[in-house]
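Student: I am new to this structure, and I would like to know how its labels are earned. Could you take me through them?

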Amino acid sequence: MDCGQVIEIQRNYKLALTLLCVIQVNKAASGNNMASINFDNALGLHARALQLRASRAEVLANNLANADTPGFKARDINFRAVLAGEVEAQKSVAVDRTHSGHLAGRSQIDEQLLYRNPTQPSIDGNTVDTQIEKSQFAKNSMDYNSTFEFLSSKFKGLRSAVRGE
Amino acid sequence: MSLTNVFDIAGSGMNAQSIRLNTTASNIANAESASSSVEETYRARKPWFAVMQKEFMAVNEEGEFQQLKGNTGVGVQVLGIVEKDAPLKPRFQPDHPMANEDGYVYYPNVNVVEEMTDMMSSSRSYQMNVEVLKTAKQMLQRTLTLGQ
């Protein structure tokens, strides 16, 4: 790939970005979308995936904190299913508001929390397997880092497109 | 921000484990505290752990705000410290200064072996929470470098 091609690709990217901004502004003007520039479209799935990884870290940290709590059941989320749900939510956005007092918002992952099948349940009803939770937590944090890399490279791409250097 | 919640969760875990470690220390220190009556004798103490539930506000049918508890856990809490109801250990020691009129002294119901295993378990759990905190801190620091 020679220099001329690279510059042309950059120009096209800038053009596409400008187009994106114009579309967003038009959307905002027509009242469909209040945000003037929406990063969601530019960043794709990675921002949502990163949020989900952080939420999963919370769930796993809670399992580990309750490793000695009698009767506590270890929980986790089905990452694939929840991420697929996020994609759906991205398309349809808001939850139903059937009452004037309801607040607008997106459905939380709360109801998608599942219980882990215990391999060695203890006599006090606790189902936390410390080693499993710990390895899952480590894996989740590595996945967080890789998702972060993708997201970071998206930002780098955007920035170099804006600079056009 | 979910990652800052991880700090709270691991912090609550560390707090709970340090309370557990404190009761263990108290139990071992008082394992030989003799007394002349059943009521005055020290009894082994144990913390009571429970899940901390996430709380949120919702509107009920009458249109009033209501505090609800979700099924998501946000850490561990110590509901209280309870005394073990295992029988005390009476010993016949008439020459003991604390002996009652029958010549008996009462020793606490502390099981030192149990306390030692409890101590090891709680120090391990504490370490684990520290590790979780460390990982969450690294993740958050990484996030701050986004786009650099």
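Tutor: Here is a conversation about helices, buried residues, salt bridges and helix packing.

Tutor: This is a predicted model, in which local features need pLDDT of at least 70 and side-chain atom pairs count only at pLDDT 80 or more, while totals for chains, interfaces and linings use all residues. Residues are numbered from 1 along each chain as its sequence is written, chains are lettered from A and ligands numbered from 1 in the order in which they are written, and side-chain values use heavy atoms, with hydrogens and water left out.

Student: Which helices and strands does chain A have, and what makes a stretch count as one?

Tutor: Helices are DSSP runs of H or I with at least four residues, strands are runs of E with at least two, and both are numbered from the N terminus. By that rule chain A has five helices and two strands. Along the sequence their pattern is α-α-α-β-α-β-α.

Student: How do you know what span to expect for helix α3 of chain A?

Tutor: The expected span is 1.5 Å times one less than the number of residues. Helix α3 of chain A, residues 46–65, has 20 residues, and its first and last C-alpha atoms are 28 Å apart, close to the 28 Å expected.

Student: Why is α3(A) called mostly covered?

Tutor: Buried means under 20% relative accessible area, exposed means over 50%, and partly exposed lies in between (1.4 Å probe, protein chains only). In α3(A), 17 of the 20 residues are buried, so the helix is described as mostly covered. For chain A, buried residues make up 33% of its 165 residues.

Student: What makes D76(A) and R56(A) a salt bridge?

Tutor: The term asks for a side-chain nitrogen of Lys or Arg within 4 Å of a carboxyl oxygen of Asp or Glu. For D76(A) and R56(A) the closest N and O atoms are 2.9 Å apart, so the pair qualifies. D76(A) lies in strand β1 (residues 75–77) of chain A and R56(A) in helix α3, so the pair ties together parts that are 20 residues apart in sequence.

Student: Are D76(A) and R56(A) buried or exposed?

Tutor: D76(A) has a relative accessible area of 9%, so it is buried. R56(A), at 8%, counts as buried too.

Student: How many salt bridges are there, and which one crosses between chains?

Tutor: A search of the whole structure finds 14 over all chains. One of the pairs that cross is R142(B) with E149(A), at 2.2 Å from N to O. It runs from helix α2 (residues 112–144) of chain B to helix α5 (residues 130–163) of chain A. R142(B) has a relative accessible area of 27%, which makes it partly exposed, and E149(A), at 37%, is partly exposed as well.

Student: What makes K134(B) and E131(B) a pair worth looking at in α2 of chain B?

Tutor: They form a salt bridge with N and O atoms 3.7 Å apart. Both lie in that helix, three residues apart, about one turn. An α-helix has 3.6 residues a turn, so residues three or four places apart point the same way. K134(B) is partly exposed at 44%, and E131(B) is partly exposed at 34%.

Student: Why are α1(B) and α2(B) called roughly antiparallel?

Tutor: Axes are lines fitted to C-alpha atoms, for helices over the stretch in contact, and angles run from 0 to 180 degrees between N-to-C directions. Angles under 35 degrees count as roughly parallel, over 145 as roughly antiparallel, 65 to 115 as roughly perpendicular and the rest as oblique. For α1(B) and α2(B) the angle is about 160°, with axes 9 Å apart. They are therefore roughly antiparallel.

Student: How do you know which label fits α3(A) and α2(B)?

Tutor: They pack at about 165°, with their axes 10 Å apart. That angle makes α3(A) roughly antiparallel to α2(B).

Student: What makes A29(B) exposed and L79(B) partly exposed?

Tutor: A29(B), in helix α1 (residues 2–29) of chain B, has a relative accessible area of 63%, so it is exposed. L79(B), in strand β2 (residues 65–83) of chain B, has 46%, so it is partly exposed.
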